[in-house]
Amino acid sequence: MAAHQYTSEGYAVVAVASSAGGVHALGVLLGALGPGLPVPVLIVQHLDPRHRTVIAEVLARRSKLPVKLAEDGEQAEPGTVYVAPPDRHLLVGPEGTLTLSSSELVHFLRPSADLLFESVAGAYGPRAVVCVLTGTGSDGAMGVDAVKSRGGTVIVEDPATAEFKGMPQAATGTGAVDYVLPLEEIAAVICGLVETKR
């Protein structure tokens with residue numbers, strides 16, 4: 001999708017980060033997003049790189065949107081879910097072009113939510129919505145800060161109801177969060193944001 005088709009007043013991308021407990025949480029989130037989502041969804045879920053991943057197939061069973069592993073150089077299309085493959089960083093450029101990288105681990109992690117969020121902040125600025133779900137550790141917190149500083153919108157799963165509180169707590173600890181919500185309510189807020197002009 002060419003950049004000129006994006007309008008400045010609407011959101012243009014949703015990026016989601018999760019780790020431990022995330023496959024279930026992503027299933028709940030994607031299952032509640034309608035089939036006609038007007039933006040692409042980019043996902044970093046920490047996976048064991050030694051196992052051939054079936055995450056795209058698992059999530060596709062729960063999702064009304066098509067789900068695929070992201071491929072290097074492809075264009076992120078509205079209404080499609082792109083998952084970072086195991087052991088690859090997922091980044092997005094200004095035209096919605098996806099890049100996979102084997103650059104070094106960030107906080108011992110690849111893929112890194114921080115790198116995805118920082119690339120989203122740079123490419124989309126105020127047109128980005130990012131979401132941090134259940135997980136251990138603090139991945140995503142630096143990225144949340146970057147997104148907020150560029151005017152984007154940040155949603156975090158309520159640490160009180162998250163299966164693993166580490167990542168949501170680290171994200172809320174930045175102070176750069178717009179919504180802290182139970183998992184079941186996040187999809188409705190995302191839909192409300194991306195489907196309305198600002």
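Biologist: How many disulfides does the structure hold?

Modeller: Keep in mind that we're looking at a predicted model. A disulfide needs two cysteine sulfur atoms within 2.5 Å. For cysteine 131, the nearest cysteine sulfur belongs to cysteine 191 and sits 12 Å away, so that pair doesn't meet the cut-off of 2.5 Å. The count for the structure is 0.

Biologist: And is cysteine 131 buried or exposed?

Modeller: Let's go by relative accessible area, where buried means under 20%. Cysteine 131 has a value of 0%, so it falls under that 20% limit. Cysteine 131 is buried.

Biologist: What about cysteine 191, buried or exposed?

Modeller: Cysteine 191 is in no disulfide either. Its relative accessible area is 12%, and the limit for buried is 20%. So cysteine 191 counts as buried.

Biologist: What is the pLDDT over residues 1-7?

Modeller: Across the chain, the average pLDDT is 91, and 92% of the residues score at least 70. Residues 1-7 have 12 contacts in the model beyond near neighbours in sequence. Still, where pLDDT is low, the predicted coordinates shouldn't be read in detail. For residues 1-7, the pLDDT is below 50.

Biologist: Let's turn to the sheet. Which strands are at its edges?

Modeller: There are 7 strands in this open sheet, paired in parallel, and their order is 3-4-2-1-7-8-9. An edge strand here pairs on one side only. Reading the two ends of that order gives strand 3 and strand 9.

Biologist: Which residue is the bridge partner of valine 67?

Modeller: Valine 67 is in strand 3, which covers residues 67-69. Strand 3 pairs with strand 4 in the parallel sense, over 3 bridges. Strand 4 is residues 81-83, and the partner there is valine 81.

Biologist: What angle does helix 3 make with strand 1?

Modeller: Helix 3 packs on the sheet, where it touches strand 1, strand 2 and strand 7. Helix 2 lies across strand 2, strand 3 and strand 4, running at about 170° to strand 3. For helix 3 and strand 1, the angle between directions is about 165°.

Biologist: Which residues of helix 4 are buried?

Modeller: Helix 4 spans residues 141-149. Among the elements covering its buried residues are helix 3, strand 7, strand 8 and helix 5. An α-helix has 3.6 residues a turn, so residues three or four places apart point the same way. The buried ones are Ala141, Gly143, Val144, Ala146 and Val147.

Definitions and conventions. Residues numbered from 1 in each chain as written. Predicted model: local features only at pLDDT ≥ 70, side-chain atom pairs only at ≥ 80, totals over all residues. Heavy atoms only, no water. Buried < 20%, exposed > 50% of the residue type's maximum accessible area, 1.4 Å probe, protein only. Helix = DSSP H or I, 4+ residues; strand = E, 2+ residues; numbered from the N terminus. Contact = heavy atoms within 4.5 Å. pLDDT = per-residue confidence, 0-100. Pairing = 2+ DSSP bridges. Axes fitted to C-alpha atoms, helices over the stretch in contact; angles between N-to-C directions.
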